[in-house]
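Trainee: Could you take me through the sheet in this one, slowly, strand by strand? I'd like to know how it is put together and what surrounds it.

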Amino acid sequence: MDPITIDKSAAVFVAGHRGLVGSAVVRKLTSLGYTNLLLRSHAELDLTSQSAVDAFFAEHKPQIVILAAAKVGGIHANNTYPADFITVNLQIQTNAISSAFKHKTLKLLFLGSSCIYPKFAPQPIPESALLTGPLEPTNEWYAIAKISGIKMCQALRIQHSFDAISAMPTNLYGPNDNFHPHNSHVLPALLRRFHEAKLSKLENVVVWGSGTPLREFLHVDDLADAIVFLLEKYSGLEHVNVGSGKEVSIKELAELVKEVVGYQGQIIWDSSKPDGTPRKLMDSSKLASLGWEPKITLKDGLADTYNWYLENVHS
Ligand SMILES: NC(=O)C1=CN([C@@H]2O[C@H](COP(=O)(O)OP(=O)(O)OC[C@H]3O[C@@H](n4cnc5c(N)ncnc54)[C@H](OP(=O)(O)O)[C@@H]3O)[C@@H](O)[C@H]2O)C=CC1
Ligand SMILES: C[C@H]1O[C@H](OP(=O)(O)OP(=O)(O)OC[C@H]2O[C@@H](n3cnc4c(=O)[nH]c(N)nc43)[C@H](O)[C@@H]2O)[C@@H](O)[C@@H](O)C1=O
């Protein structure tokens, strides 16, 4: 399908607009001059309620939908609350995608995750690796929900030509991340822990696992840029990987966070905590072939995120 030009006055529903991704998408669309963003907090519109979601779509008829609302968490949260991760995410995405189709949304972008791929997928992981092997047990429930979202978008395109596309981001970070001490992802968790250790002059900081797993990180402002790019340029059946193409070990990440925060103590490894997938570097060459590349390096992005944390979360 040919690229589309989205009218800047189009009604754009950014679901999850207060979250890490949703808030970055709002920043990006606002900077591009979009004037008709439909924003509803969780308290204003519970996306697990089918009736509430359908009433919202019937009344407001969003022309564009960016589905950045989900039940999201790190390895510990996924491993601890599997029922929440599969049920809430299936409810949110099914309600939003089906109501978008029913009320004639022009285009919808669904956000999956790199964890949809098999634990031992070939690296870097191409889109074609989906459903070719067993998933990583610590987040398979969330992964199954995300895979179902991809399939629902594909089925609506096949049967009804509904222009729903799916983007698969790698591990993300940036402003408005979740900094919860236990339920967050590794990067925000370590920023907070090293910062608090520096303030309290602790001798050491505990980091989970062995430190050997490799992770790819993308700044959320790069993702927001990719989301707008895909909405304008892509209308295909297959999902699209959105990564930075660069990976670091958790040990290297911990050392980088320690340096950025300026913590002087020691790092101790808690091997009782799970490592999860040993590696999940995605092959994002499909997106690159469409003409998109990330811009923000991990070192710069980490420093900017720490500054944001100091100004907005913890003095
Ligand atoms: N963070 C990451 O590293 C990655 C994220 N992704 C995907 O990106 C998307 C956004 O994730 P991220 O921004 O990190 O997540 P966040 O947790 O930062 O934001 C999720 C948003 O969804 C909202 N939300 C959750 N449940 C409901 C509900 N029932 N009704 C209405 N709103 C709800 C939250 O509101 P509230 O907090 O008030 O409940 C929050 O604003 C998700 O689909 C996620 O799977 C993919 C790969 C990596
Ligand atoms: C983003 C994507 O991928 C997520 O999976 P993940 O990448 O394994 O998530 P994670 O960021 O929580 O862990 C990355 C690594 O880091 C190590 N690690 C060390 N110390 C801490 C720590 O203090 N907290 C956390 N969370 N991890 C730590 C941790 O042991 C692991 O080896 C899914 O949950 C799912 O959300 C998804 O979509």
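**The open sheet, strand by strand**

Mentor: Sure. The part you're asking about is an open sheet of 6 strands, in the order β2-β1-β3-β4-β5-β9, with parallel pairing. At its edges sit β2 (37–38) and β9 (240–242), each of which pairs on one side only. Keep in mind that this is a predicted model.

Let's start with β3, residues 64–67, and look at its two neighbours. On one flank, β3 pairs with β1 (residues 12–15) in the parallel sense, over 4 bridges. If you want a spot to click on, F13 has V65 of β3 as its bridge partner. The pairing of β3 with β4 (residues 107–111) is parallel too, and again there are 4 bridges. There, I66 is bridged to L109 of β4.

Now turn β3 so that you can see its faces. As a rule, side chains in a regular strand alternate between the two faces of the sheet. In β3, I64 and I66 go to one side, V65 and L67 go to the other, and all four are buried, so both faces of the strand are covered. The cut-off behind "buried" is 20 or more other C-beta atoms within 10 Å of the residue's own.

Move along to β4 and its next partner. β4 and β5 run parallel and are joined by 4 bridges. L109 turns up again here, standing opposite I165 in β5. So you can step from I66 to L109 and on from L109 to I165, because these are bridge partners in paired strands.

β5 itself (residues 164–169) is mostly covered, with 6 of its 6 residues buried. A164, S166 and M168 point one way, while I165, A167 and P169 point the other way.

What packs around I66? Leaving out residues up to four places away in sequence, I66 touches V12, V14, A15, V25, L109 and I227. V12, V14 and A15 fall within β1, which covers residues 12–15, and V25 falls within α1 (20–31). I66 also belongs to the largest nonpolar core, a set of 86 residues in which I66 and L67 touch the most other members. Helix α5 (residues 140–160) gives that core its largest share, 8 residues.

α1 is worth following a bit further, as it leads to a ligand. Of the 24 residues around ligand 1, the nearest are G16, G19, V21, H42 and A70. α1 supplies 3 residues of that shell, the largest share, and β6 (171–173) is another element that gives at least two. By class, the shell around ligand 1 has 12 nonpolar, 9 polar and 3 charged residues.

Ligand 2 has 27 residues around it, with G74, S113, V186, W208 and G276 coming nearest. Its shell draws at least two residues from each of α3 (75–80), α6 (186–199) and β7 (204–208).

Last, the record: an unreviewed UniProt entry annotates residues 12–243 as "domain: NAD-dependent epimerase/dehydratase". Over that stretch the chain is 43% helix and 16% strand, and its end C-alpha atoms lie 24 Å apart.

How values were computed. Residues are numbered from 1 along each chain as its sequence is written. Chains are lettered from A and ligands numbered from 1 in the order in which they are written. This is a predicted model: local features need pLDDT of at least 70, side-chain atom pairs count only at pLDDT 80 or more; totals for chains, interfaces and linings use all residues. A residue is near a molecule or strand if its C-beta atom, placed from the backbone, lies within 6 Å of it. Ala, Val, Leu, Ile, Met, Phe, Trp, Tyr, Cys and Pro count as nonpolar, Asp, Glu, Lys and Arg as charged, and the others, Gly among them, as polar. A nonpolar core is a set of buried Ala, Val, Leu, Ile, Met, Phe, Trp, Tyr and Cys residues joined through C-beta atoms within 7 Å. A residue is buried if 20 or more other C-beta atoms lie within 10 Å of its own, exposed if 12 or fewer, and partly exposed in between; C-beta atoms are placed from the backbone. Two residues are in contact if their C-beta atoms, placed from the backbone, lie within 7 Å. UniProt positions are given in the numbering used here, feature names are shortened, and annotations may be inferred rather than shown by experiment.
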